[in-house]
Amino acid sequence: MADHSQKAILLIGGMDPQGCAGLTADIQTVSHHGFHPVPLITCVTEQTQSGMRALNPLTAEKFLKQYESCIADFDIAAIKIGLIPDLEIAEAIERIVKRHDVPIVMDPVMAATSGGKQATPEVLEFVRKSVLPKITLLTPNLPEIAYLSENVTGSVEKQVRHLIEEGLSACLVKGGHG
């Protein structure tokens, strides 16, 4: 039974079949810090340590129905966004974040850490223009900041500055892959 006195964190992301990343890791982190995790699945991935084979996104309709169930009994205190598998889900996420005046952290899973599939240019463009301006904190690794800042060459600082000029509030670049 859920403890409704705990603050609830809406976790939006993919389900990793091995339990090493995505929502499984987010649930463990949120629970460890004394909050109630409320997972909202964007896709059910097919991945191993050697790479991502398929994303298997939900339809926007199923995703939004799942969201209504997620928030039915909880007041959401914060949102964490991970893997966005396609444009349909990206648009649904934008609608969700508009409904909540809470801190929103986005760990932009633009590609699997181990390689394989990555976000399409249309998803990337939509996230940059419509989702990032609503984010409280973006936490990309080095390949993700390079991918998100698109054609900006030069330092990581220059790439971050470009995203902030486009409307991002704050960015904490993780050193992974560097």
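User: Which residue in strand 2 does Gly13 stand opposite?

Analyst: Gly13 faces Ile41 in strand 2. Note that this is a predicted model.

User: What makes strand 1 and strand 2 a pair?

Analyst: The bridge count. At least two bridges are needed for a pair. Strand 1 and strand 2 have eight, in the parallel sense. They therefore count as paired.

User: How do you know that strand 1 also pairs with strand 5?

Analyst: Five bridges join strand 1 (residues 8–15) to strand 5 (residues 76–81). The cut-off is at least two, so the two strands pair. They run parallel. Ala8 has Ile76 as its bridge partner in strand 5. Leu11 is set opposite Lys80 in strand 5.

User: What joins strand 5 to strand 6?

Analyst: Three bridges, and the two strands run parallel. Strand 6 covers residues 104–106. Ile79 stands opposite Ile104 there. Three bridges satisfy the requirement of at least two, so this is a pair as well.

User: What is the strand order of the open sheet, and why do strands 2 and 7 stand at its edges?

Analyst: The order is 2-1-5-6-7 across five strands, with parallel pairing. Strand 2 (36–44) and strand 7 (137–138) each have a single partner strand, so one side of each lacks a neighbour in the sheet. As background, strands of a sheet pair through backbone hydrogen bonds.

User: Why is strand 1 called largely enclosed?

Analyst: Seven of its eight residues are buried, so the rest of the structure largely encloses strand 1. Buried means under 20% relative accessible area. Strand 5 is mostly covered too, with five of its six residues buried.

User: Why are helix 3 and helix 4 called roughly parallel?

Analyst: Helix 3 (residues 87–98) and helix 4 (residues 121–131) pack at an angle of about 10°, and their axes are 9 Å apart. Angles under 35 degrees count as roughly parallel. The angle falls under that limit, so helix 3 is roughly parallel to helix 4.

User: Which residues meet where helix 3 packs on helix 4?

Analyst: From helix 3 come Leu87, Ala90, Glu91 and Glu94. From helix 4 come Glu122, Val123, Phe126, Ser130 and Val131. The contact holds five nonpolar, one polar and three charged residues.

User: Which residues of helix 4 are buried, and what do they pack against?

Analyst: Val123, Leu124, Phe126, Val127, Arg128, Ser130 and Val131 are buried. The buried residues pack against helix 3, strand 6, helix 5 (142–148) and helix 6 (156–165).

User: Why does Arg128 count as buried or exposed?

Analyst: Its relative accessibility is 3%, under the 20% limit, so Arg128 counts as buried. Arg128 is in helix 4. Beyond four places in sequence, Arg128 touches Pro133, Tyr147, Leu148, Glu150, Leu163 and Glu166. The C-alpha atoms of Arg128 and Gly167 are 8.8 Å apart, with their positions 39 residues apart along the chain.

User: What class does Lys129 get, and why?

Analyst: Its value is 47%. Buried is under 20% and exposed is over 50%, so Lys129 is partly exposed. Lys129 belongs to helix 4. Its C-alpha atom is 9.6 Å from that of Leu163, 34 residues apart along the chain.

User: Which residues touch the most other members of the largest nonpolar core?

Analyst: Leu10, Ile12, Ile81, Met106 and Leu132, out of 37 residues. Helix 3 gives the most to this core, with six residues. A second, separate core has five residues, including Ile9, Leu23, Val30 and Ala78.

User: What does Met106 contact beyond its neighbours within four places in sequence?

Analyst: Its contacts are Ile81, Ile84, Val127, Val131, Leu132, Ile135, Leu137, Leu138 and Thr139. Contact here means heavy atoms within 4.5 Å.

User: What makes Asn56 notable in its backbone?

Analyst: Its phi is positive, about 50°, and Asn56 is not a glycine. Most residues other than glycine have a negative phi. Asn56 sits in the loop between strand 4 (51–54) and helix 2 (60–71).

User: How do you know which exposure class Asn56 belongs to?

Analyst: Its relative accessibility is 35%. That lies between the 20% and 50% limits, so Asn56 counts as partly exposed.

Key. Residues are numbered from 1 along each chain as its sequence is written. This is a predicted model: local features need pLDDT of at least 70, side-chain atom pairs count only at pLDDT 80 or more; totals for chains, interfaces and linings use all residues. Side-chain values use heavy atoms; hydrogens and water are left out. Helices (H or I, at least four residues) and strands (E, at least two) are DSSP runs, numbered from the N terminus. Axes are lines fitted to C-alpha atoms, for helices over the stretch in contact, and angles run from 0 to 180 degrees between N-to-C directions. Angles under 35 degrees count as roughly parallel, over 145 as roughly antiparallel, 65 to 115 as roughly perpendicular and the rest as oblique. Ala, Val, Leu, Ile, Met, Phe, Trp, Tyr, Cys and Pro count as nonpolar, Asp, Glu, Lys and Arg as charged, and the others, Gly among them, as polar. A nonpolar core is a set of buried Ala, Val, Leu, Ile, Met, Phe, Trp, Tyr and Cys residues joined through side-chain atoms within 4.5 Å. Buried means under 20% relative accessible area, exposed over 50%, partly exposed in between (1.4 Å probe, protein chains only).
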